[in-house]
Amino acid sequence: MAVIVFLQSYFLAILRAISHQRFYVTLYIGSQLAFYSVASVLGVAGSREYTLPANSSLDLLYLRDMILSYLCGLLCVCICLLVNILVFPDFAESHLKSRLTAIIPKLSLLSHLVFSSLISPEAMPSDWHVSSASIIAEIQRDFGAIDLQIALTASEITYSRFSVRDYSRIVTSFKSVAAVLFSLHTSLYSDVREGGLGDAPDGMKQGWIKLDWSCQKLFNAVSSNLKRTGEVDETLHERRSLEAIAEVVRNSNEGISSFETHQPVMFLDIFEVGSSMEFGARSLDGWEKLMRLTFYVLAAKELVAELTSLHNQTIRFIGVSRSLKIHMNEYLPERPLEEAMKALRRIAFFDSGSLRAMLLQFKQFFESPRSIYGLKFAMAIFCLQMSMFSQPEIFKQWYLSGAVGITAVTLTPSLGQTYVVLPLTIGGISVGAIIAYLSVTVFGKSSYAHVAFGALIGIPFFYLQLFNPRTATLGLLAMLAYSNYICNSYANISSNTFDSPPVYLYKVISVLSGTVSFAVILNLLVYPSFARHILRDQMSEIFVEFGTFYRKIASNMYPSPEDASQTIVEDSDIKDVRNDIFSRLVALEQLLVFSSAEPRLEGPFPTQKYRKVVECMYTLLDRLECLRLSAGKHKFEPDVEKAMNSDPVGDARVEMIQTLRLLLHLYSLVMKTKQKILPSLPNATRARQRLITSFISILLRHSMNKDHLFVDPLDGIMPFERRQILEALNSEKWMRLLSYFSAIREVSRELDGFSVPMKSIFGEYPDVLKRDTDGGRIELTFE
């Protein structure tokens with residue numbers, strides 16, 4: 001029996017480590033049920049006079065009472081469910097819809113701020129970036145709350161027109177819109193710090209104004225679709241909405257066309273060259289401005305496309321009748337039969353190499369933090385069982401069965417989380433037990449006043465559960481401790497061996513203190529899982545995910561030799577990778593809180609330094625999203641690919657890609673191993689600068705090669721006249737390339753900027769070379 005309970009506790013704890021929101025109650029209830037089932041054999045979990053019959057190892061009386069008690073508990077759950085449904089029903093789905101509709105004005109305001117800064121940057125207040133950054137922070141927190149609400153909605157049986165998968169798709173579309181806006185905002189902020197794009201012609205301003213109007217209309221339409229109740233005029237609303245969207249798309253296309261009309265006229269001076277056919281600083285600034293403006297045009301196109309997709313996601317449910325949604329299938333694979341057949345095939349056809357791979361995966365999982373937490377929790381329950389088997393009388397007299405629930409609350413996947421919930425656990429159980437003791441002392445053990453008193457104190461305790469996720473544990477444990485004390489006192493009202501109220505209170509608090517101390521010691525001494533270690537592991541994995549994200553973007557841009565046509569569209573996994581990175585970044589905030597609560601010999605945990613790295617990660621994600629927007633949904637055409645493979649552009653491109661991936665790999669290793677950083681890292685900004693200057697050089701040389709005096713990689717691809725070159729660059733295939741050059745500049749700058757906060761955390765190795773200046777010369781000498 002002890003072995004079975006050990007294994008059950010192990011697997012339930014792993015589920016809790018995977019998702020605390022979904023499986024915490026499963027662990028709490030499941031572990032107690034299993035433990036009390038074993039106690040029914042011995043009759044030690046409780047103070048009533050249970051005695052084993054002669055020649056019997058099973059206390060049938062206690063087993064009967066235990067089953068009846070849990071049937072009563074199930075009845076109470078049904079009563080609570082009915083009350084929650086019939087009396088002011090409060091469903092997670094309504095909170096999810098309200099959060100979705102509440103996030104739309106914030107996205108709309110951010111969109112308006114972005115376009116206003118493009119229309120008239122000089123009219124923007126000096127602190128516009130601060131206000132927009134606060135809006136972005138609110139949106140990021142809202143997405144974290146929305147993900148939680150989706151998990152809660154998945155556990156409900158609802159009468160709705162949306163399923164959880166429908167909501168997940170809508171939220172994914174919301175995140176795509178937000179990602180485009182975040183990218184536009186971060187790029188604009190970089191331009192503002194460098195002096196901005198300058199004053200645009202009136203025609204281009206009118207284009208931005210039309211786009212701003214179009215986006216506001218789209219946001220309003222999405223909000224209207226989500227708020228529709230479905231009772232009247234659904235067909236009329238859908239028709240009017242589609243007509244309005246068609247008008248919005250026409251206006252946005254007109255706005256984008258105005259850019260293409262004015263752009264060639266604005267940038268004729270970028271062909272300024274010197275006597276040695278090298279371009280000057282003014283010309284380089286002009287090219288940079290052209291690339292940034294091209295990025296904004298493509299990003300605006302993507303924003304309108306994502307908003308239109310979001311609108312289509314919501315409008316297709318208008319007129320759809322409500323139905324009963326049972327979300328059990330949300331936990332299952334979309335094709336369970338195919339998944340089962342694949343698993344059977346892997347089992348039926350495997351060789352020794354496959355067996356070794358399976359054993360290696362099992363070993364890695366067994367040594368993972370989740371498995372270690374499961375082992376520690378199962379070991380704690382096993383120790384309680386051993387005390388029950390060896391000292392049943394002591395176990396019964398001290399009410400040690402209550403230690404199971406306390407262990408489930410206190411023994412957490414990380415030590416920092418244990419320290420955070422520790423005062424809440426002690427305070428909640430102690431306060432609840434003390435209030436119950438006072439109630440029993442004043443009203444006696446069998447008074448109906450306990451019900452009224454429990455309802456009275458339940459108001460603040462339930463308010464604590466709603467007020468804050470941290471105080472939810474305090475309120476819940478206080479109510480459980482109050483009810484347990486009252487119920488046990490009433491159940492043993494006729495027992496002569498049951499302790500008096502003060503002695504019972506003393507034993508309850510003693511068991512609480514002992515169990516909490518045991519859980520802390522076990523978590524601290526047996527394979528301690530520090531939250532700061534988990535934090536660094538997660539941040540290291542996020543750097544790896546950044547590398548995967550960049551690799552997918554790069555592979556999506558350049559066609560492989562076997563690609564016979566340009567019909568290959570964007571890898572569908574790219575947005576999934578981006579959304580996964582965003583969700584993991586949101587989850588880091590809780591780990592930062594847990595890490596700051598842990599004791600540390602080197603001193604307090606540098607929370608602010610790690611938070612700075614996390615902020616840089618958010619910015620890098622926005623920069624990579626800029627790169628994805630520039631890459632578009634199709635691979636580069638052969639003309640663009642030929643130009644990018646020409647010498648010296650091809651070598652510079654390879655160097656830049658290698659530098660970016662090397663830096664991401666290096667940061668991941670540093671975060672994993674805590675090693676110091678080298679003083680001179682590969683410079684991504686310099687690699688990008690070499691790429692852009694190489695491309696501009698071959699373009700300028702091409703404009704001077706009308707007589708074909710030298711080998712020209714752009715011959716036959718690009719016209720020779722400057723105005724015609726700019727008009728060609730205004731086509732979509734070259735606009736994507738220019739936008740890519742602009743986006744990769746921000747990515748490279750952000751990657752180089754990671755070294756500053758990471759050196760402040762992990763330190764820096766001394767340099768073996770020292771740079772001295774003497775008489776205008778630079779000499780390198782060893783230290």
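Is Phe762 buried or exposed? In this predicted model, Phe762 is buried, with a relative accessible area of 9%. Its ring is a good place to start a tour of the structure, beginning with the aromatic pairs.

The count of aromatic pairs comes to 25. One of them joins Tyr610 and Phe762 in an edge-to-face arrangement, with 6.5 Å from centre to centre and 85° between the planes. Tyr610 belongs to helix H21 and Phe762 to helix H27 (residues 755-762), so this pair ties together parts that lie 152 residues apart in sequence. Tyr610 is also buried, at a relative accessible area of 2%; the cut-off for that class is under 20%. Elsewhere, ring pairs link Tyr399, Tyr485, Phe498 and Tyr504 into a cluster.

Two members of that cluster deserve a further word. Tyr399 sits in the loop between helix H13 (392-397) and helix H14 (403-410). With a relative accessibility of 15%, Tyr399 counts as buried, because the class takes in values under 20%. The phi of Tyr399 is near 55°, a positive value in a residue other than glycine. Tyr504, in turn, is one of the buried residues of helix H18. Helix H18 covers residues 501-525, 25 residues in total, and reaches 36 Å from its first C-alpha to its last, close to the 36 Å expected at 1.5 Å a residue. Besides Tyr504, the buried residues of H18 include Leu505, Lys507, Val511, Leu512, Thr515 and Val516. Farther along H18, Ala519, Val520, Leu522 and Asn523 are buried as well. After H18 comes Tyr527, with a positive phi near 45°.

Backbone geometry offers a few more points of interest. Most residues other than glycine have a negative phi, and most peptide bonds are trans. Lys674 has a positive phi of about 65° although it is not a glycine. Lys674 is placed in the loop between H23 and helix H24 (684-703), and at 39% relative accessibility Lys674 counts as partly exposed. A cis peptide bond is found between Asp647 and Pro648, with omega at about 10°. Pro648 lies in the loop between helix H22 (638-645) and H23.

Helix H23 itself spans residues 649-673 and contains Thr659. Thr659 counts as buried, at 9% relative accessibility. Which residues does Thr659 touch, not counting those up to four places away in sequence? They are Pro682, Asn683, Ala684 and Ala687.

A second set of contacts is centred on Ile170, a residue of helix H6. Ile170 is buried, with a relative accessible area of 0%. Leaving aside neighbours within four places in sequence, Ile170 is in contact with Phe162, Leu310, Gln313 and Thr314. Ile170 and Thr314 are 144 residues apart along the chain, and their C-alpha atoms are separated by 7.2 Å.

Turning to internal space, how many cavities of 30 Å³ or more does a search of the whole structure find? The search finds 5. The second largest cavity holds about 120 Å³ of space. Its lining is made up of 13 residues, of which Lys175, Ala179, Phe182, Phe582 and Leu621 are the closest to the centre. At least two lining residues of this cavity come from each of helix H5 (128-153), helix H6 (164-193), helix H20 (573-597) and helix H21 (607-631). By class, the lining of the second largest cavity has 7 nonpolar, 2 polar and 4 charged residues.

Open pockets complete the description. The second largest pocket has a volume of about 340 Å³. Of the 15 residues that line this pocket, Glu302, Gly632, Lys633, Glu732 and Arg736 are the closest to its centre. Helix H9 (281-315), H21 and helix H26 (732-753) each supply at least two residues of the pocket lining. Which helix gives the most to the lining of the second largest pocket? That helix is H9, with 4 residues. In terms of class, the lining of the second largest pocket has 3 nonpolar, 4 polar and 8 charged residues.

Methods: Residues numbered from 1 in each chain as written. Predicted model: local features only at pLDDT ≥ 70, side-chain atom pairs only at ≥ 80, totals over all residues. Heavy atoms only, no water. 1 Å grid on protein atoms, 1.4 Å probe; cavity = no way out; pocket = protein on both sides within 12 Å on 5 of 7 lines; lining within 4 Å. Points joined across faces, edges and corners; volume = space filled by probe spheres on them. Nonpolar A, V, L, I, M, F, W, Y, C, P; charged D, E, K, R; others polar. Buried < 20%, exposed > 50% of the residue type's maximum accessible area, 1.4 Å probe, protein only. Contact = heavy atoms within 4.5 Å. Expected span 1.5 Å × (residues − 1). Phe/Tyr/Trp six-rings, centres within 6.5 Å; stacked < 30°, edge-to-face > 60°.
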